[in-house]
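Trainee: I would like to learn how the words used for a structure follow from its values. Could we go through one together?
Mentor: Gladly! Ask away, and we will set each value beside its cut-off.

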Amino acid sequence: MKKILIATLIIAPFLSRSQYDVESLLNGSVADAEKILEAYSEPIYLGFGFGMNSGWYNTAKTHKLLGFDITPTITFARIPTDAQFYDLNGLGLTELIPVPNENGSFQSPTALGPNLKPEDLPSIAYEDANGNEVRVSTPTGIGMEEYLDQDLNSPIVINAMPSAMAQVGIGLVKNTDVVLRIIPKIEEPGDYEFSMFGLGVKHDLKQWIPGLSLTPFDFAGFAGWNKINSKVFIDENEPDQAVEVSTSGFTVQGIVSKKFWIFTPYLGLGFATSSSNVNLLGTYEIDNNNSLTDPLSFDASASGFRGNLGLQMKILILTIHADYAIQKYNTITLGLGLSIR
Amino acid sequence: MKKIIIALLLPIGIFSCGEAGVGFDAGTRFTLPSCATEPSFSGCIPDIDILIPGVPIDVVDPVVVDPDETSFQYDLADIEGFESALQELNSENGLIFFNELTFSLDGIEPDEEFGIDNISLVFRLSGQDVTVFVVNPVENFTLQNLEDRDVFLVDETGRDITSLIEQELLLRQQLDMRVIFDLGDVSSSPSDRNIDFTFEPTFDVDIRVEDILD
């Protein structure tokens, strides 16, 4: 099978509900299942979170009073090489037993790792209630690089987590911009729920530093926080069963930019964090006599230095920008917007 | 198990896959229990019950003891660990690996340790009976309690039979079998005697589903 599907949550529920089944995983050990799923899916959530930290600004210059911009962006958070596999034997499983693949390896791909065949995957083993041994291979990665390279013949092959944002920046007093990212809760009952809120503040710092106002650069400080809540319902016959994910990103940056004709290169230095909380909600029967309620919950978080370099091009009120950010998950951001005053 | 992965990916709205697709292996080492110990289990095996006739048996001209034959069925649907895999399994995207078959004997009393000529397994494959004689089934050809004795299917014939078993499981998801205990000479006794013991086969099987989303 060769296919790729990168969708927003809004169209995600098109995948068949019959493909969801969680009971077999929970049969083994809930605590160990959490460790495996956390290791497997962490790059997705971190990539998405660091992607959310991008695209907040494309110049250090703030708007004039009531000036504004509307800027949609798309960001690709590059998945580091060391986040493409996890060591099944190093997870500290207490009840599930790691079983190597046919080559003796315990390395298992993360969700954003390579797409491997079952025989190349390690397995976990456990004993069921009747004393029989059960073995299940670990999940494969989605193989994005393979798809871009072999199926799309893309000239650019990167393993990256995409995310898209749209924001409005408004100029207020004292050379301060407020940037808003808001999607009110949208939902399809029984299918999904989704909402987003982000708030950023960019403030001109030159005005407060004696002598700096004479320099030919713009210099601003920026802080932005963004949060996305989503919920996907697993089984239409079990309305309480859902996967709930809350992902947030926070960044604090100093920004320098300088306009040359229609071009404005900019540089940002600062700090960024990304954190996600994932919950498997609902009641799941794991055998004839037992069930588990809200069985899984895990977090994925990371933080560290963030530096980005970008270029904005402005023609009348149209802006186009691109930037590259160096952080735990490096990001490439492209944006197209309107900016007035 | 893979289904939960899809659920975890959906909330952030990404899903893709390469040539290998989303596949997985599910395997179990599953023992079909004796009906005496698992009365509620539909796939259990009745006890082996062999009648030793109550007549003097001449070693020179022995009386033939009728072999006991017990039928049973190995059904993938009875196996807890295969529930998810069977929902996805079909002959287009699936493979079955019949890794190993072992058996245990239990409940044989010391005075029931008679000689035995052979133990054979008869598989019903594609509508035909295929017989496998267990190589060296017991020590010293004496009926005795055993644990995890291997039914070796490693030679060329064994591999052919294994391949047929895998095809049968892939098509029907169940396997009809008979076990035949053929006793050898027994000591004489004035009255009929019954030997009653349990036979528990253990199957080690993997199901490979190569692409659940195709």
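Trainee: Which residues does A:Asp177 touch, not counting residues up to four places away in sequence?
Mentor: Keep in mind that this is a predicted model. A:Asp177 touches A:Lys61, A:Thr62, A:His63, A:Ile170, A:Gly171, A:Gly200, A:Val201 and A:Lys202. The residue itself is in strand E9 of chain A, which covers residues 176–188.

Trainee: Why is A:Asp177 said to have no salt bridge?
Mentor: Let's compare two numbers. The nearest side chain of opposite charge, A:Lys202, is 4.1 Å away. A salt bridge needs the nitrogen and the carboxyl oxygen within 4 Å, so this pair does not qualify. A:Asp177 is buried all the same.

Trainee: What polar atom distance links A:His63 to the side chain of A:Asp177?
Mentor: The backbone nitrogen of A:His63 lies 3.0 Å from a polar atom of that side chain.

Trainee: What makes A:Glu119 and B:Arg208 a salt bridge?
Mentor: Their N to O distance is 3.2 Å, and the cut-off is 4 Å, so the pair is called a salt bridge. A:Glu119 sits in the loop between strands E5 (107–109) and E6 (123–127) of chain A, while B:Arg208 is in strand E10 of chain B, so the pair joins two chains. Both residues are buried.

Trainee: How do you know that A:Arg135 and B:Asp206 form a salt bridge?
Mentor: By the same kind of check: their closest N and O atoms are 3.1 Å apart, and within 4 Å is what the term asks for. This pair joins two chains as well, because A:Arg135 lies in strand E7 (residues 133–137) of chain A and B:Asp206 in strand E10 of chain B.

Trainee: Why are A:Arg135 and B:Asp206 called buried?
Mentor: Buried means under 20% relative accessible area. A:Arg135 has 13%, so it is buried, and B:Asp206 has 16%, so it is buried too.

Trainee: Which residues are linked with these two in a network of salt bridges?
Mentor: The network links A:Glu133, A:Arg135, B:Asp204 and B:Asp206. Over all chains, the count comes to 12 salt bridges.

Trainee: What makes B:Asp148 and B:Arg29 a link between distant parts of the chain?
Mentor: They are 119 residues apart, with B:Asp148 in strand E8 and B:Arg29 in strand E2 (residues 24–31) of chain B. Their closest N and O atoms are 3.2 Å apart, and they form a salt bridge.

Trainee: Why is B:Asp148 called partly exposed?
Mentor: Its relative accessibility is 39%. Partly exposed runs between the buried limit of 20% and the exposed limit of 50%, so that is the right word. B:Glu83, in helix H2 (residues 83–88) of chain B, is partly exposed too, because it has 48%.

Trainee: Why is B:Ser126 called exposed?
Mentor: Its relative accessible area is 62%, and exposed means over 50%, so the word fits. B:Ser126 is in the loop between strand E6 (116–125) and strand E7 (128–133) of chain B. It has a positive phi of about 50 degrees although it is not a glycine, and B:Asp148 likewise has a positive phi of about 50 degrees without being a glycine.

Trainee: What makes B:Thr102 and B:Asp148 a polar contact?
Mentor: Their side chains are joined at 3.3 Å, and the limit is 3.5 Å, so the distance passes. B:Thr102 is in strand E5 of chain B. With a relative accessible area of 3%, B:Thr102 is buried.

Trainee: Which residues touch the most other members of the largest nonpolar core?
Mentor: B:Tyr74 and B:Phe181, in a core of 52 residues. Strand E10 (residues 193–209) of chain B gives the most to this core, with seven residues.

Trainee: Where in chain B is confidence lowest, and where is it highest?
Mentor: Strand E1 (residues 14–17) is lowest, at a mean of 49, and strand E5 (residues 94–106) is highest, at 90. Chain B averages a pLDDT of 76, and the predictor gives the complex an ipTM of 0.74 and a pTM of 0.77.

Note on methods
Residues numbered from 1 in each chain as written. Chains lettered and ligands numbered in written order. Predicted model: local features only at pLDDT ≥ 70, side-chain atom pairs only at ≥ 80, totals over all residues. Heavy atoms only, no water. Core = buried A, V, L, I, M, F, W, Y, C linked by side-chain atoms within 4.5 Å. Buried < 20%, exposed > 50% of the residue type's maximum accessible area, 1.4 Å probe, protein only. Helix = DSSP H or I, 4+ residues; strand = E, 2+ residues; numbered from the N terminus. Lys, Arg positive; Asp, Glu negative; His and termini not counted. Polar contact = N/O pair within 3.5 Å; in protein donor to acceptor, adjacent residues only side chain to side chain. Contact = heavy atoms within 4.5 Å. pLDDT = per-residue confidence, 0-100.
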